[in-house]
Amino acid sequence: MPGITLGDTVPNLEVETTLKNFKLHDYFADSWTVLFSHPGDFTPVCTTELGAMGKYAHEFEHRGVKLLGLSCDDVQSHKDWIKDIEAFTPGSKVKYPIIADPNKEIIPQLNMIDPIENGPSRALHIVGPDCKIKLSFLYPSTTGRNMDEVLRALDSLLMASKHNNKIATPVNWKPDEPVVISPSVSDTEAKKLFPQGFKTADLPSKKGYMRLTDVS
């Protein structure tokens, strides 16, 4: 997929939103951010997704993470749409900003293009405080996002970052479950980094690479 991708710096675009105008790097600077795009206002799947983001807002706030939406219509259209979003998802409050992109100029610069439909996509980037993309999801227009998976992936990124990427999270990992120690970390270093200890799985290869530990 062309354009910016994992590890790339998000361009410092000046954007107009439902709350105020700002440069992206200013918004990203002091926290992690979930940046998510939508093909257009007043569309059914997008309406459910923005509502879910609003309902899950406290989960992101608890983690010190900001939300930033984007849709290919103007600010007034967004504001009118928010009324539908909140009505359809009871308990949802859309307090996060939504970027306006009526001319579809921002979407391609953020690599949020659907290659199948050759237009705006249902994409999501998790951006670190260094303004770099840490994870990306790209869904087709027919499939809505899973907010629990967005949170799970975010928790994984935050946990790995907290431990300087010396650990990784295994399949279906959830917070409070064991993590694996990176192969780049020697056993000697692992004993220093993880004084709580670790277990090495006894596998047929006897290579000792599957080391699990509990972290917080």
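## Burial, cores and strand pairing in a two-domain predicted model

Pro44 counts as exposed, because its relative accessibility is 66%. This residue of the predicted model lies in helix α2, and its C-alpha is 9.8 Å from that of Gly144, although the two residues are 100 positions apart in sequence. Helix α2 itself has 12 residues and reaches 17 Å from its first C-alpha to its last, which is close to the 16 Å expected at 1.5 Å a residue. In contrast to the exposed Pro44, the buried residues of α2 are Cys46, Thr47, Glu49, Leu50, Gly51, Ala52, Met53 and Gly54.

One of these buried residues, Met53, is also, together with Val34 and Phe60, among the residues with the most contacts inside the largest nonpolar core, a set of 28 residues. Two or more residues are given to this core by each of β3 (32-38), α2 (44-55), α3 (57-62), β4 (65-71), α4 (75-88), β8 (122-127), β9 (133-139) and α6 (147-162). The largest share, 6 residues, comes from α6. A second, separate core has 21 residues, including Val10, Val15, Ile99 and Ile107. In soluble globular proteins, nonpolar side chains tend to be buried together.

The surroundings of Val34 illustrate how parts of the chain meet at the largest core. With residues up to four places away in sequence left out, Val34 touches Met53 and Phe60, a run of residues comprising Val65, Lys66, Leu67 and Leu68, and also Leu124, His125 and Ile126. Val34 stands opposite Ile126 in β8, and the strands β3 and β8 pair in the antiparallel sense over 4 bridges. On β9, the bridge partner of Ile126 is Leu135, and β8 and β9 are likewise antiparallel, with 6 bridges between them. The hairpin of β8 and β9 has 5 residues between the strands, and in this hairpin Cys131 takes a positive phi near 70°.

Strand β8 is largely enclosed by the rest of the structure, because 6 of its 6 residues are buried. Both of its faces are covered, with Arg122, Leu124 and Ile126 buried on one side and Ala123, His125 and Val127 buried on the other. His125 is among the residues touched by Val34, and His125 is also touched by Leu110.

Leu110 lies in the loop between α5 (106-109) and β6 (113-114), and this loop residue counts as buried because its relative accessibility is 0%. Apart from residues up to four places away in sequence, the contacts of Leu110 are Ile4, Val10, Pro11, Leu13, Leu24, Leu35, Leu70 and His125. Of these contacts, Val10 is included in the second core. Leu110 and Asp155, by comparison, are 45 residues apart in sequence, and their C-alpha atoms are 23 Å apart in space.

The aromatic side chains were examined for ring pairs, and the count comes to 4 aromatic pairs. The pair formed by Phe22 and Tyr27 is stacked, because the ring centres are 4.8 Å apart and the planes are at 10°, under the 30 degrees that the stacked class requires. Both partners are buried, since Phe22 has a relative accessibility of 10% and Tyr27 one of 13%. Phe137 and Tyr139 form a tilted pair, with a distance of 6.0 Å centre to centre and an angle of 40° between the planes. Phe137 and Tyr139 are both buried as well.

At the level of the whole chain, the domain assignment gives domain 1 (14-145) and domain 2 (163-216), with C-alpha centres that lie 35 Å apart. Further along the chain, an open sheet is formed by 4 strands in the order β10-β11-β13-β12, with antiparallel pairing. The edge strands of this sheet are β10 (167-168) and β12 (199-200), each of which pairs on one side only. Strand β10 runs antiparallel to β11 (residues 179-181), to which it is joined by 2 bridges, and the bridge partner of Ile167 in β11 is Ile181.

Notes:
Residues numbered from 1 in each chain as written. Predicted model: local features only at pLDDT ≥ 70, side-chain atom pairs only at ≥ 80, totals over all residues. Heavy atoms only, no water. Core = buried A, V, L, I, M, F, W, Y, C linked by side-chain atoms within 4.5 Å. Buried < 20%, exposed > 50% of the residue type's maximum accessible area, 1.4 Å probe, protein only. Contact = heavy atoms within 4.5 Å. Expected span 1.5 Å × (residues − 1). Domains from an automatic or database assignment. Pairing = 2+ DSSP bridges. Phe/Tyr/Trp six-rings, centres within 6.5 Å; stacked < 30°, edge-to-face > 60°.
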